[in-house]
Structures are given as C-alpha cells and as structure tokens.
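Hello,

Here is the structure I promised to pass on to you. Have a look at it first, and then read on for what turned up.

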Amino acid sequence: MLQLTDIRKSFALGTLAVDVLRGVDLEVAEGDLLSIMGPSGSGKSTLMNILGLLGRPDSGTYLLNGRNVLTMNARELSAFRNAHIGFVFQSFNLLGHLTTLENTALPLAYRGRSRRESRRRARAILEKVGMDDRLDHRPHQLSGGQRQRVAIARALVGNPAAVLADEPTGALDSDTADEVMNLLIRLNREERVAVVIITHNPVVSLLCKRRALIQDGVLLEDGSGQ
Ligand code: ADP
C-alpha cells in the first residue's frame with residue numbers, strides 16, 4: 001500500500017548539505033501497526049512529512065496504493081493526501097471554533113461530500129471512538145484524551161489507507177495515553193487501517209506489531225515484531 005524505496009533527503013545548512021534521510025526503504029501494508037522511534041534530529045519528522053505527502057524527497061520512489069505520488073503536482077497531491085492519509089498530532093490540531101461533529105466531518109467537506117453525508121459518516125465514526133455524546137462540544141470543552149479521540153475520528157472519517165500519528169500520546173497523562181493507544185489498536189484491527197506511530201515512548205512502541213528505529217537517517221526494523 002505504502003511503498004518507499006531508497007528515499008533520500010538533505011537540507012542545506014549554510015554551505016553544508018545535511019543528509020537527513022539516507023536511503024530509507026519501507027513498506028506498510030493494510031492493517032499494519034508500525035512504530036518508528038529515534039532520537040531527536042534523526043529524521044522522523046522528515047520521514048513522516050514524506051509519508052504524508054507534505055514533503056518531497058530528493059530522490060527515491062514512493063508508491064501509495066499503486067500510484068507514483070512523486071510525479072504528482074501540488075493540486076493532485078493534496079487531493080490524494082486527503083483521500084488516502086489521516087493525520088493525528090501530539091497537539092490534536094482541532095479547529096477551536098468548530099464542534100466535535102464539524103471537526104470530524106471536515107475532511108469529507110474538503111472532498112466535496114454533501115453536508116448530510118459528511119455528518120452521517122462523522123457521527124458513525126464518533127460512535128466508534130466513544131465521542132457520540134459530545135457532538136456539539138467545542139475542543140476547549142473537552143479533555144485532552146477526548147480531543148485526541150475526536151482527532152482520531154477525523155483521521156479515520158474518510159476511510160484512509162493509513163493513519164500517520166506523530167507522538168499521539170505525547171501530551172497526555174499515562175492513563176489517558178493508554179486509552180488512546182488502546183483505541184488506535186482497536187481501530188487498526190476493526191477498520192483494517194494501517195497505523196504508523198512516531199513515538200519517543202518505548203511502551204507505545206512495544207504495543208505495536210512492527211517496530212522500526214531511525215538513526216542518522218537510516219531506518220532499521222526490529223524483526224521480532226513481525
Ligand atoms: P526528528 O523528527 O527525528 O527530530 P527531523 O526530521 O525534524 O528529526 O530533522 C532531522 C534533521 O534535519 C535535523 O538535524 C534538522 O535540523 C534538519 N532539518 C529538518 N527540517 C529542516 C529544514 N526545513 N531545513 C534545514 N534543516 C532541516
């Protein structure tokens with residue numbers, strides 16, 4: 001589904017070129033649950049941006065559902081991203097003036113779906129994450145764990161191929177973090193959606209079926225998770 005081959009990326013630092021990704025190969029299949037750990041500055045965000053079609057590598061290939069995404073123009077990329085990738089962030093990134101239902105329905109509205117259909121689908125997924133009793137709340141009326149549930153519903157509402165989660169439990173206390181991880185694990189199983197989690201937390205990583213480590217721009221997978 002997601003197939004990256006020999007992905008390379010460097011950034012210019014003054015006159016120096018810093019090699020941030022140095023030949024990353026990664027395949028993510030339907031239903032995978034993969035964690036990526038690595039020290040600060042190892043290239044995790046850069047890789048996540050490329051996986052999420054927010055950044056382009058300097059070289060390599062990336063096939064997403066069989067399409068070569070690196071040949072797409074900006075408009076095609078953003079439509080493809082909206083249809084195939086869901087994002088979950090450490091800081092939730094919900095829109096403060098929108099309700100739970102409106103935040104969740106947003107990706108479908110961007111896709112041009114009718115208000116009625118978007119809301120119907122948003123309600124169904126909010127039921128799955130246990131937030132259907134807070135449809136009219138705004139983010140400031142919700143706890144951190146509840147906000148992350150809404151963000152997870154928003155990530156899943158369009159039936160994406162993969163959900164990319166960047167430190168999804170980083171802003172939560174440990175009990176709430178457990179709940180959010182259990183939710184991601186359940187949705188990964190029930191919805192057959194691939195989930196890729198970037199984390200600093202070894203406990204989160206241990207809950208994942210596949211585990212990879214990125215160090216100095218090289219991705220190594222821990223075979224014991226498979
Ligand atoms: P991580 O997410 O693992 O902390 P990043 O992918 O954010 O790592 O960054 C990897 C390296 O690339 C860091 O040394 C960072 O300073 C550098 N870097 C990231 N983005 C840019 C950029 N836009 N311009 C220059 N250097 C960058």
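Please keep in mind that this is a predicted model. A good place to start is the pair formed by helix 4 (residues 115-128) and helix 6 (residues 174-191), whose axes lie 11 Å apart and make an angle of about 125°. In general, two packed helices are described by the angle between their axes and the distance between the axes. Angles from 65 to 115 degrees count as roughly perpendicular and those over 145 as roughly antiparallel, so helix 4 and helix 6 are oblique to each other.

Which residues meet there? Helix 4 brings Arg121, Ile125 and Lys128, and helix 6 brings Leu183, Arg186, Leu187 and Glu191. By class, this contact of helix 4 with helix 6 has four charged residues, three nonpolar ones and no polar ones.

Now to the ligand. Around the ligand you will find Phe11, Val20 and Pro39, together with the run Ser40, Gly41, Ser42, Gly43, Lys44, Ser45 and Thr46. Six residues of this shell are polar, three are nonpolar and one is charged. Helix 1 (residues 44-51) gives the most to the shell, with three residues.

Three of the distances to oxygen atoms of the ligand are worth a look on your screen:

- Ser45: a polar side-chain atom at 2.6 Å
- Lys44: a backbone N or O atom at 2.9 Å
- Ser42: a backbone N or O atom at 3.1 Å

Taken alone, the ligand exposes 570 Å², and the protein buries 57% of that.

Enjoy exploring, and best wishes!

Note on methods. Residues numbered from 1 in each chain as written. Predicted model: local features only at pLDDT ≥ 70, side-chain atom pairs only at ≥ 80, totals over all residues. Heavy atoms only, no water. Near = heavy atom within 4 Å. Polar contact = N/O pair within 3.5 Å; in protein donor to acceptor, adjacent residues only side chain to side chain. Areas by Shrake-Rupley, 256 points an atom, 1.4 Å probe, with all protein chains shown as cover. Helix = DSSP H or I, 4+ residues; strand = E, 2+ residues; numbered from the N terminus. Nonpolar A, V, L, I, M, F, W, Y, C, P; charged D, E, K, R; others polar. Axes fitted to C-alpha atoms, helices over the stretch in contact; angles between N-to-C directions. Parallel < 35°, antiparallel > 145°, perpendicular 65-115°, else oblique. Contact = heavy atoms within 4.5 Å.
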